[in-house]
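Work through the following exercises with the structure at hand. Attempt each task before reading its solution.

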Amino acid sequence: MHNITPSPPIQSAANPHLQTRPLSPALGIEVSGIDLSQAMDDATFKALQDLWYEHCVLCIPGQQLGDLEQVRFAERFGELAVTLHEYEAGKIHPALMYVTNEKKDGKFVGALPDGEMYFHSDMCYLERPSMATMLYAMVIPAAGGNTLFANMYKAYEALPEASRKRLDGLKAVNTYDPGNSNYAAMRTRMPSSATSPTARSYAHPMVFTHPATGKKALYINRLMTESIVGMARDESTALLESLFDHQEQKQFIYEHRWTPGEVIIWDNRCTLHARTDFSATQLRKLRRVTVKGGKPV
């Protein structure tokens with residue numbers, strides 16, 4: 001797992017007023033010299049988008065970003081997804097959601113309030129999963145609550161050739177069950193046809209070809225990938241578990257320690273993300289917007 005000492009920023013060749021530095025050998029780049037609260041010209045956005053495609057995770061520090069300013073920037077990447085439930089931030093715009101343990105009148109004002117989360121890809125249980133997720137850090141606990149990002153290009157490329165051939169053409173069912181706090185365990189206890197009435201499921205290729213880069217990425221995850229279509233349960237579980245262990249190796253991962261004012265945009269098509277535990281007594285609050293993607297092929 002990489003959490004390296006920051007290197008000095010360098011000017012971007014594509015856009016000289018931008019300064020960049022790599023976040024880790026695994027993936028990620030920090031970009032400074034830009035104010036996301038202001039309107040952005042096409043050339044600057046194109047430079048940012050190219051860096052995002054190349055490095056999978058884009059971190060832009062030092063921002064003071066309002067709700068609708070974040071929406072405006074996110075819309076440059078594509079059509080925004082509407083949150084699945086009513087949240088406090090959604091009263092301002094339906095694409096906004098807080099990722100927080102903050103409460104108001106005894107109820108959480110956002111989603112995903114506490115604790116550790118396994119590696120996953122956002123909305124992979126829908127026909128059109130999220131293309132991008134953008135978080136703006138508002139309040140960060142003194143320790144914990146870090147986000148881990150894993151490079152699924154590198155994970156796929158590191159598989160033996162025989163394993164890559166075995167995965168060719170296979171699909172896996174991705175399931176989200178909000179009524180079950182341990183829904184990742186569904187792989188071992190129930191067939192996909194027996195998931196609960198609250199579950200959302202969709203089968204996607206286990207290897208995804210990125211529509212912009214043309215590169216292949218491993219498209220499964222420990223939290224939500226339930227089973228492999230057309231494969232016996234025991235064989236499916238064994239193969240998935242071995243792939244989960246493979247894709248979560250340290251050389252593919254960057255662990256990010258948040259600082260208030262940072263904006264991070266990651267590409268859900270070629271990365272996974274997870275969260276480390278943190279104290280429930282400390283406030284953690286980030287504002288989220290997601291961008292719809294196409295159907296993985």
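**Exercise 1. Aromatic pairs**

Task: State how many aromatic pairs the predicted model contains, and classify the pair formed by Trp52 and Phe77.

Solution. Step 1: The count comes to 7 aromatic pairs. Step 2: For Trp52 and Phe77, the ring centres are 5.1 Å apart and the planes stand at 75° to each other. Step 3: Planes over 60 degrees apart count as edge-to-face, and the pair of Trp52 and Phe77 is accordingly edge-to-face. Step 4: Trp52 belongs to helix 1, whereas Phe77 is in the loop between helix 2 and strand 5 (97–100), so the pair ties together parts that are 25 residues apart in sequence. Step 5: Trp52 and Phe77 are both buried.

**Exercise 2. A second pair**

Task: Classify the pair formed by Phe149 and Trp266, and locate both residues in the chain.

Solution. Step 1: The centres of the rings of Phe149 and Trp266 lie 5.3 Å apart, with 55° between the planes. Step 2: This pair is tilted. Step 3: Phe149 is found in strand 10 (residues 147–151) and Trp266 in strand 17, and the pair links distant parts of the chain, 117 residues apart. Step 4: Both Phe149 and Trp266 are buried.

**Exercise 3. Further ring contacts**

Task: Identify the cluster that ring pairs form, and name the residue that lies over the face of Tyr153.

Solution. Step 1: Phe45, Trp52, Tyr53, Phe73 and Phe77 are linked into a cluster by ring pairs. Step 2: Over the face of Tyr153 lies Lys215, at 4.1 Å from the ring centre. Step 3: Arg284 likewise lies over the face of Phe278, at 5.6 Å from the ring centre.

**Exercise 4. Helix 1**

Task: Describe the length of helix 1, its two ends and its buried residues.

Solution. Step 1: Helix 1 covers residues 42–55, which is 14 residues. Step 2: From its first C-alpha to its last, helix 1 reaches 20 Å, close to the 20 Å expected at 1.5 Å a residue. Step 3: The N-terminal end of helix 1 is capped by Asp41, which places a side-chain oxygen 3.1 Å from the backbone nitrogen of Ala43. Step 4: After helix 1 comes Cys56, with a positive phi near 75°. Step 5: The buried residues of helix 1 include Phe45, Leu48, Trp52 and His55. Step 6: Among the elements that cover the buried residues of helix 1 are strand 2 (19–22), helix 2 (67–74) and strand 9 (130–139).

**Exercise 5. The nonpolar cores**

Task: Name the residues that touch the most other members of the largest nonpolar core, and list the contacts of Leu167.

Solution. Step 1: In the largest nonpolar core, which has 45 residues, Leu167, Met206, Leu218 and Ile220 touch the most other members. Step 2: Apart from neighbours within four places in sequence, Leu167 is in contact with Leu159, Met206, Val207, Leu218, Leu239 and Leu243. Step 3: A second, separate core has 32 residues, including Leu18, Phe45, Leu65 and Ala95.

**Exercise 6. Two loop residues**

Task: Is Leu23 buried or exposed? Which residues does Thr259 touch?

Solution. Step 1: Leu23 is in the loop between strand 2 and strand 3. Step 2: Residues under 20% relative accessible area count as buried; Leu23, at 3%, is therefore buried. Step 3: Thr259 is in the loop between strand 16 (253–256) and strand 17, and its relative accessibility of 41% makes it partly exposed. Step 4: Not counting residues up to four places away in sequence, Thr259 touches Ala137 and Ile140.

Definitions and conventions:
Residues are numbered from 1 along each chain as its sequence is written. This is a predicted model: local features need pLDDT of at least 70, side-chain atom pairs count only at pLDDT 80 or more; totals for chains, interfaces and linings use all residues. Side-chain values use heavy atoms; hydrogens and water are left out. Helices (H or I, at least four residues) and strands (E, at least two) are DSSP runs, numbered from the N terminus. The expected span of a helix is 1.5 Å times one less than its number of residues. Buried means under 20% relative accessible area, exposed over 50%, partly exposed in between (1.4 Å probe, protein chains only). Contact means heavy atoms within 4.5 Å. A polar contact is a pair of N or O atoms within 3.5 Å; within protein, one must be able to donate a hydrogen and the other to accept it, and residues adjacent in sequence count only if both atoms are side-chain atoms. A nonpolar core is a set of buried Ala, Val, Leu, Ile, Met, Phe, Trp, Tyr and Cys residues joined through side-chain atoms within 4.5 Å. Rings of Phe, Tyr and Trp (its six-membered ring) pair if their centres lie within 6.5 Å; planes under 30 degrees apart count as stacked, over 60 as edge-to-face and the rest as tilted. A charge sits over a ring if NZ of Lys or CZ of Arg is within 6 Å of the ring centre and within 35 degrees of the ring normal.
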